[in-house]
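New notebook page. I wanted to get to know this chain from scratch, so here is what I looked up.

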Amino acid sequence: MRISNMIVTEICEVLTVYSVKGDHLHRVDRESYGLSLCRSGRIVYRHGGRDFVSDAASAILLPKGATYDLNRQVTGMFPLVNFQATGLTLDEFTLLPLQNPVPALFAYDALFRAFVQEKNHLRAMRCLYELFDLIFSAPGDGEDILAPAECYLREHLADPDLRNADLARAANVSEVYFRKLFTRRHGVSPRRYILAARLENAKRRLAGSRESVGEIAAACGFSDIFHFCRAFRDAVGCTPGEYRKRVSVI
């Protein structure tokens with residue numbers, strides 16, 4: 001498969017599919033290409049006699065014209081972009097491994113805001129290309145250097161005092177060089193990455209627990225509930241309470 005010559009001619013839909021365990025879908029002659037991500041849950045696509053698993057470890061490119069079966073094995077949420085394109089040779093489902101899904105989900109959220117909320121199709125097109133570039137770009141030379149910092153980040157994500165200086169110290173590089181390597185690899189600055197990761201954790205807790213909004217804010221690394229609610233609304237387009245009512249699985 002080659003995407004270097006791909007030209008997106010139309011963004012048809014940008015939506016998050018709420019998938020319920022046990023549901024089954026048979027689809028005939030898909031009318032557009034699709035890019036599917038996973039926030040939570042698990043779906044298995046059956047196409048051409050093969051199974052393709054959609055979970056947090058990978059994105060999936062869906063071919064135009066495909067006929068397939070979809071089995072929802074674990075309840076969850078699956079961001080989806082349907083689009084038309086030229087110059088794309090895609091005959092079968094294609095798994096795209098993600099070392100970390102957070103940057104891709106962050107880029108999807110920017111695309112959703114541009115296309116659905118702002119109805120700015122020019123910006124949405126740019127966001128979609130940025131999403132593709134992020135998924136298909138190989139890690140840079142700084143991957144091994146960043147490994148200790150990324151481990152430190154995962155262990156201290158809930159610490160509201162987490163700073164770039166701490167991460168740079170873990171990687172044993174200067175703060176300026178750390179920001180450069182991190183942004184090159186993940187497509188966003190460390191600050192924006194941390195915010196996106198905390199919000200993803202908050203979304204999972206809102207959907208799958210009975211914790212209060214204040215408890216979730218504290219558990220996800222926000223210094224106070226007001227900062228959390230403002231950041232959540234800016235990123236998602238609704239309050240944490242509204243989001244919980246829409247997607248709760250408990």
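My entries below go from the overall build to the cysteines.

**Entry 1, the model.** I noted at the start that this is a predicted model.

**Entry 2, the build.** I looked up the secondary structure and found nine helices and eight strands in the chain.

**Entry 3, the size.** I checked the radius of gyration next. A compact globule of 250 residues would come out near 18 Å, and the chain has 19 Å, which agrees. The box that its C-alpha atoms fill, taken along the principal axes, is roughly 50 × 45 × 35 Å.

**Entry 4, inside and outside.** Of the 250 residues, 45% are buried. I put the accessible surface down as about 12,600 Å², with 50% of it belonging to carbon and sulfur atoms. I also looked at contacts between residues at least 6 apart in sequence: 76% of them join residues at least 24 apart.

**Entry 5, charges.** I have 33 positive and 29 negative side chains written down for the chain. The centres of the two sets lie 3 Å apart.

**Entry 6, cysteines.** How many disulfides does a search of the whole structure find? Zero, as it turned out. I wanted to know why, so I picked two cysteines, C38 and C127. For C38, the closest cysteine sulfur is in C220, 18 Å away, which is too far for a bond. For C127 it is the sulfur of C12, at 17 Å, again too far. A pair would have to be within 2.5 Å to count. Both residues are buried: C38 has a relative accessible area of 4%, and C127 has 6%.

Technical notes. Residues are numbered from 1 along each chain as its sequence is written. This is a predicted model: local features need pLDDT of at least 70, side-chain atom pairs count only at pLDDT 80 or more; totals for chains, interfaces and linings use all residues. Side-chain values use heavy atoms; hydrogens and water are left out. Helices (H or I, at least four residues) and strands (E, at least two) are DSSP runs, numbered from the N terminus. The radius of gyration is taken over C-alpha atoms; the globule rule is 2.2 Å times the number of residues to the power 0.38. Buried means under 20% relative accessible area, exposed over 50%, partly exposed in between (1.4 Å probe, protein chains only). Contact means heavy atoms within 4.5 Å. Accessible areas come from the Shrake-Rupley method with a 1.4 Å probe; for residues, only the protein chains shown count as cover. Lys and Arg count as positive and Asp and Glu as negative; His and the chain ends are not counted. The place of a charge is taken as NZ of Lys, CZ of Arg, CG of Asp or CD of Glu.
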